[in-house]
Amino acid sequence: MMMDNSPARIVDPQDPELSPERLKERFGRDFFRDFDIDDPNLNTHFHEVIDLMVQKCPVAHSKVGTGYYVFSTEEAVRKIGQDWQTFSSAKGYIPNRPDDMPLMIPVEQDPPNHTAWRRVLNPHMGPKVMDAIRDDVAREVNALIDKFIDRGECEFIGEMAGLLPGRAFFIYVLGVPVVDLPELVHDVDKSLFGPLDERTAYHKKVYDYLEKFLKEREAMEPQGDIVDTILKGVTYGDGSEASWEHKVSVVLDLTYGGISTTIYALGSTARHLADHPEQRQQLLDNPEWIENAVEEFVRAYSPVVAMGRTCTRDTEVEGVQLKEGDYVMMGFSSAGRDPRTIADPKALNFAEPTIHHPTFGVGPHRCIGSHLARMELAVFTREWLRRIPHFRVKAGTEPVYETGFLRAMSSLWLSWDK
Amino acid sequence: MRMKIDETLCSGHGRCAKFAPNVYTLDDSGYNADVGQIIAVPSGEEDNATKGRKACPERAITEVDG
């Protein structure tokens, strides 16, 4: 393997900017020859690393654990995502996955089992369903804004971004009793952004709540919603029925797949608009550009840094030989900033209508919540700018980020004139 | 102008219909309703049809001759 994939194949050895010493000095790690998605240095130097990577090291290698490759170009990400026969999800989407960690359903399945779930779940998450709850989401946004607008400042993650996706999903998609919401949304938030040693306990609490919710719904009359569809289950390719654990996993996958990612998308939208008054003005003057702007926000600030696949056979991508069993990651964050497909990838261009990017995934695993997320981000942007047209990152504060296979923002203070 | 919608590549992003609702129709799940078909673009909708083609993250839409 090392014969075919010597560092010379991965990084131009003649480029002084890419020498191991120079990269270590600049980023604290040679992310190109030994990438690590969990290294705190990636969080600190995030956009510098991924931008240099997509330009000059479209295939990085990691020596962490059993090792993996990170593909950064839009083309390679698309090819890997679409070719599910060669690049399987069935061994998990994060590298060096602990053996005792249960697989998430259906994201860590391949067709035909994955297809069985998506076929029944997709109609509940389609664009028409999401259009129908547009006004409800606008009301949610405004109710949250009402609570802090007179203060002239807010901690955006705790008071808006951390609440809206949970409320939208639990009320309008899953139909969780409204009385349970404050605690549930709080627990989801703590499981994602709470103190590290408390996150597992909060995750367990969310799991237990959602399993109990499913059990209660099983005893009730069917309502024809997504919960009934999950409870009805699916028949897998081998003729077996999806287990109870798989049904609970589907609810967890929908919950966690959608909430943390949308929190980051909202946070980076707000931060970009706070930092770019001229682009804010463009949207105030041209509200019809908001949907384009949403595409640009998620393209340039992808909530998913990278997701992985396991090679089912020997193959080749970007001139790199891969062996059966090798682990590869699709670098969504960098692929959305690929100068081969976007002329000026670091600039956001709201006037450009045909932006394409792999942020919502490519291939059969395309984000099932993409229609909900796009609607939510557009409604948020419209309503926020209507209520608070001019705002900034609060003086003396710095937004706080976290990075793993997801990019996350845990604190963003904003202020505006009262 | 005619467009071919690839049956295996369409993954339900729904971007095509955003730009050309009079050209591309989505099913309830957000997938192009004409996958596997070649569709005729109505006269005057050529620009929108092209925008819809270019916006597809899967490159599932191709213009075909004739």
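Two residues are taken to be in contact when they have heavy atoms within 4.5 Å of each other. By that criterion, in this predicted model, 20 residues of chain B are in contact with 26 residues of chain A. The area buried between the two chains comes to about 1800 Å², and carbon and sulfur atoms give 47% of that area.

With respect to specific interactions across the interface of chain B and chain A, the rule applied here finds four salt bridges. One of the pairs joined by a salt bridge is A:Glu291 with B:Lys18, for which the closest N and O atoms are 3.4 Å apart. In addition, 12 residue pairs are found in polar contact across the interface of chain B and chain A, where both residues of each pair have pLDDT 80 or more. On the side of chain B that touches chain A, the elements that give two or more residues are helix 1 (15-19) and helix 2 (46-54) of chain B, and the largest share, three residues, comes from helix 1 of chain B. Divided by class, this side of chain B has seven nonpolar, six polar and seven charged residues.

The second largest pocket of the model holds about 520 Å³ of space. Its lining consists of 19 residues, of which A:Pro364, B:Glu7, B:Thr8, B:Cys10 and B:Tyr31 are the closest to the centre of the pocket. Helix 6 (residues 113-121) of chain A supplies the largest share of the lining of this pocket, namely four residues. In terms of residue class, the lining of the second largest pocket divides into seven nonpolar, seven polar and five charged residues.

Backbone geometry in chain A was also examined. Most residues other than glycine have a negative phi, and most peptide bonds are trans. Against this background, the peptide bond from A:Ile105 to A:Pro106 is cis, with omega near 0°, and the peptide bond from A:Pro111 to A:Pro112 is likewise cis, with omega near 5°. A:Pro106 is placed in the loop between strand 3 (87-88) and helix 6 of chain A, and A:Pro112 is also placed in the loop between strand 3 and helix 6 of chain A. A:Asn96, although it is not a glycine, has a positive phi of about 55°, and this residue, too, is found in the loop between strand 3 and helix 6 of chain A. The helix that follows this loop, helix 6 of chain A, is the element that gives four residues to the lining of the second largest pocket.

Terms used:
Residues numbered from 1 in each chain as written. Chains lettered and ligands numbered in written order. Predicted model: local features only at pLDDT ≥ 70, side-chain atom pairs only at ≥ 80, totals over all residues. Heavy atoms only, no water. 1 Å grid on protein atoms, 1.4 Å probe; cavity = no way out; pocket = protein on both sides within 12 Å on 5 of 7 lines; lining within 4 Å. Points joined across faces, edges and corners; volume = space filled by probe spheres on them. Nonpolar A, V, L, I, M, F, W, Y, C, P; charged D, E, K, R; others polar. Buried area = accessible area lost by both parts, 1.4 Å probe. Salt bridge = Lys/Arg side-chain N within 4 Å of Asp/Glu carboxyl O. Polar contact = N/O pair within 3.5 Å; in protein donor to acceptor, adjacent residues only side chain to side chain.
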